[in-house]
Every structure is written in structure tokens, then in C-alpha cells.
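Dear colleague,

I am handing over the structure that we talked about, and you will find it just below. After it I have set out what was found, going through it place by place so that you can follow along.

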Amino acid sequence: MKEVEYVDLGRMAYGECWEKQRSLFDRILAVKAGAEDEDITPERAGWLLLVEHDPVYTLGKSGKESNMLVSEAYLRQIGAEFYHIERGGDVTFHGPGQIVGYPILDLEKVGVGLREYIDILEQSVIEVVAEWGIKAGRIAGASGVWIDCDTARARKICAIGVRSSRFVTMHGFALNVATDLRYFQHINPCGFIDKGVTSIEKEVGHAVDFELVKQQVVNKLSEKLNVKIYK
């Protein structure tokens, strides 16, 4: 069984975490190209970073800037940052109360393709929120995890956007646990104008244990990817 190191970054600004992602991503690519790295053994498939960001909006490489409904000057006024980044997907928000996961993985070592990997991310979150009594699923043509998928009340509880190169991944998922959903009013989330957003706490109507949800996420990813995730 391959191994993945779990790093809990706590609360961290987006830019600092982005640099950490890219550093790990580049290290795996370098090893695949023949470089030596004593930390990247044949058994190690990569890293799982979990983090809670300061308020920030990110726009994917194929996203439309028109889905950002306010100016960068306004974002600065409310204490939020903005980044145009290299992942797939459109615009989304990251902030306190949200579990953001960045698996930096060599999918060839894990033994899955990119499409299956994204399915695994989605299924892991679907099963985590089910532990809180929330029935979630997928919407055809829309990435991420949704509630009331086939109704006019469809709302996203987890966004997913991934970059890969030579089967190495970065970026990942953002699960709303206790997120202040008012921040999403400043964007068309993931490019949608007819769908809402939600969180675990909004759906269950009470506070939940944030650290417990993180551990549930780690457990499900370990199970679904069939890897040992360790600290």
C-alpha cells in the first residue's frame, strides 16, 4: 500500500499555501524526471495538505472574470484577496470554516486516472457529509458535491478544481463546514447563476466539530484512494 503524508496547515494565507503546493508538486515532477529526493521513496505517493484559508477568491485558468461580481478594490475593503490560478474550474471562495484539501499526489503510484481521482474526491465528500445526515450527490456537467441535485434548490457544499501534469496533482477541494456563506454573494460560484451554496452547519442547523470533519475527510480519502495517510 502506498503512503501519503498528511500535513495539517491550520489557518494560512492563500499565497503562502500556494507556494507550498507548487514546491511539493515540482519535487514529485522532478523525481519522475529522474532527480533524487530522499523524502520521495517508491512507497510515497505524495502529500495531503489540509488548510483553512483567510478570505480569498480564486479564478481558474478557464474561468470568466465576469463571474467576479465586485472589484478587487472592494475585496480589499472587506479583507479578502484575489488570485488567478492554474487549476480547472471557475471562480470560488475560500475562507474560515472551510476545509480546503490539496492532495499533491502521483496518480501513477496510486493507480488511478485523473477522472477516477476526481470521482474519488467527490465520493469521499459525499460519504463524509452522509455521516452528518446530509444526502448529497453529483450534477452532470458540474464538478463538486451538491445537495438536492435534481431540483431548483440545488446547492453546492463542496467545490472541486484540480491541476495535473504527468499524472501529478495539485489544488483539490473545498468543503464548506461552517463557512460564512455571505462571501459567495460577490461571485457566481463556479460560474453558476442559478444554483446556491451551503455548508454542513447550515444543513444540519447546529454547530459541528470542525476537527472531527477533518478526520472524517482523511479517513475517507485513505479508504477510497487505498493509501495509508499518516502524519
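**What was found**

Ser71 counts as partly exposed, since its relative accessibility is 40%. Before going further, please keep in mind that this is a predicted model. Ser71 is located in the loop that runs between strand 3 (56-59) and helix 2 (72-77), and its C-alpha atom is separated by 35 Å from that of Ile134, a residue 63 residues apart from Ser71 along the chain.

A second loop residue to look at is Asp39, which is found between helix 1 (14-32) and strand 2 (44-53). Asp39 is also partly exposed, as its relative accessible area is 39%. Once its neighbours within four places in sequence are left aside, Asp39 is in contact with Arg27 and Arg44, and with Arg27 there is a polar contact of 3.2 Å between the two side chains. The C-alpha atoms of Asp39 and Met12 are separated by 24 Å, and these two are 27 residues apart along the chain.

From the loops we can turn to strand 1 (residues 3-12), where Leu9 lies. Leu9 counts as buried, because its relative accessibility of 16% falls under the 20% that serves as the limit for that word. Not counting residues up to four places away in sequence, Leu9 touches Cys17, Lys20, Leu49, Leu50 and Val51. Computed along the sequence Leu9 and Glu65 are 56 residues apart, while in space they are 29 Å apart, C-alpha to C-alpha.

Leu50 also appears among the contacts of Lys214, which touches Tyr6, Asp8, Leu50 and Ile99 when residues up to four places away in sequence are not counted. Lys214 has its place in helix 6 (residues 210-225). Is this lysine buried or exposed? Lys214 is buried, with a relative accessible area of 7%, and its side chain is joined to the side chain of Glu211 by a polar contact of 3.3 Å.

Helix 6 also meets helix 4 (residues 114-130), and the axes of the two come within 9 Å and cross at roughly 135 degrees. Helix 4 is therefore oblique to helix 6, and their crossing is right-handed. On the side of helix 4 the contact is made by Tyr117, Ile120, Leu121, Gln123, Ser124, Glu127 and Val128, and on the side of helix 6 by Val213, Gln216, Val217, Lys220, Leu221, Glu223, Lys224 and Leu225. Sorted by class, the residues of this contact are eight nonpolar, three polar and four charged.

Helix 4 also holds Ala130, which is partly exposed with a relative accessible area of 44%. Ala130 and Glu203 are 73 residues apart in sequence, and in space they are 11 Å apart, C-alpha to C-alpha.

Asn176 has its place in strand 10 (168-176), and with a relative accessible area of 3% it is buried. Which partners does the side chain of Asn176 reach through polar contacts? One is the side chain of Gln98, at 2.8 Å, and another is the backbone oxygen of Thr198, at 3.0 Å. Apart from residues up to four places away in sequence, Asn176 touches Gly97, Gln98, Lys156, Ile157, Leu181, Phe184, Thr198, Ser199 and Ile200.

Two backbone angles remain to be pointed out. Most residues other than glycine have a negative phi. Asp148, however, has a phi near 50 degrees, a positive value in a residue that is not glycine, and Arg166 likewise has a positive phi, of about 55 degrees, although it is not a glycine. Asp148 lies in the loop between strand 8 (142-147) and strand 9 (155-165), whereas Arg166 lies in the loop between strand 9 and strand 10. Asp148 is partly exposed, with a relative accessible area of 29%, and Arg166 counts as partly exposed at 46% relative accessibility.

With best regards

Key. Residues numbered from 1 in each chain as written. Predicted model: local features only at pLDDT ≥ 70, side-chain atom pairs only at ≥ 80, totals over all residues. Heavy atoms only, no water. Helix = DSSP H or I, 4+ residues; strand = E, 2+ residues; numbered from the N terminus. Buried < 20%, exposed > 50% of the residue type's maximum accessible area, 1.4 Å probe, protein only. Polar contact = N/O pair within 3.5 Å; in protein donor to acceptor, adjacent residues only side chain to side chain. Contact = heavy atoms within 4.5 Å. Axes fitted to C-alpha atoms, helices over the stretch in contact; angles between N-to-C directions. Parallel < 35°, antiparallel > 145°, perpendicular 65-115°, else oblique. Left-handed = near helix turned anticlockwise from the far one by under 90°. Nonpolar A, V, L, I, M, F, W, Y, C, P; charged D, E, K, R; others polar.
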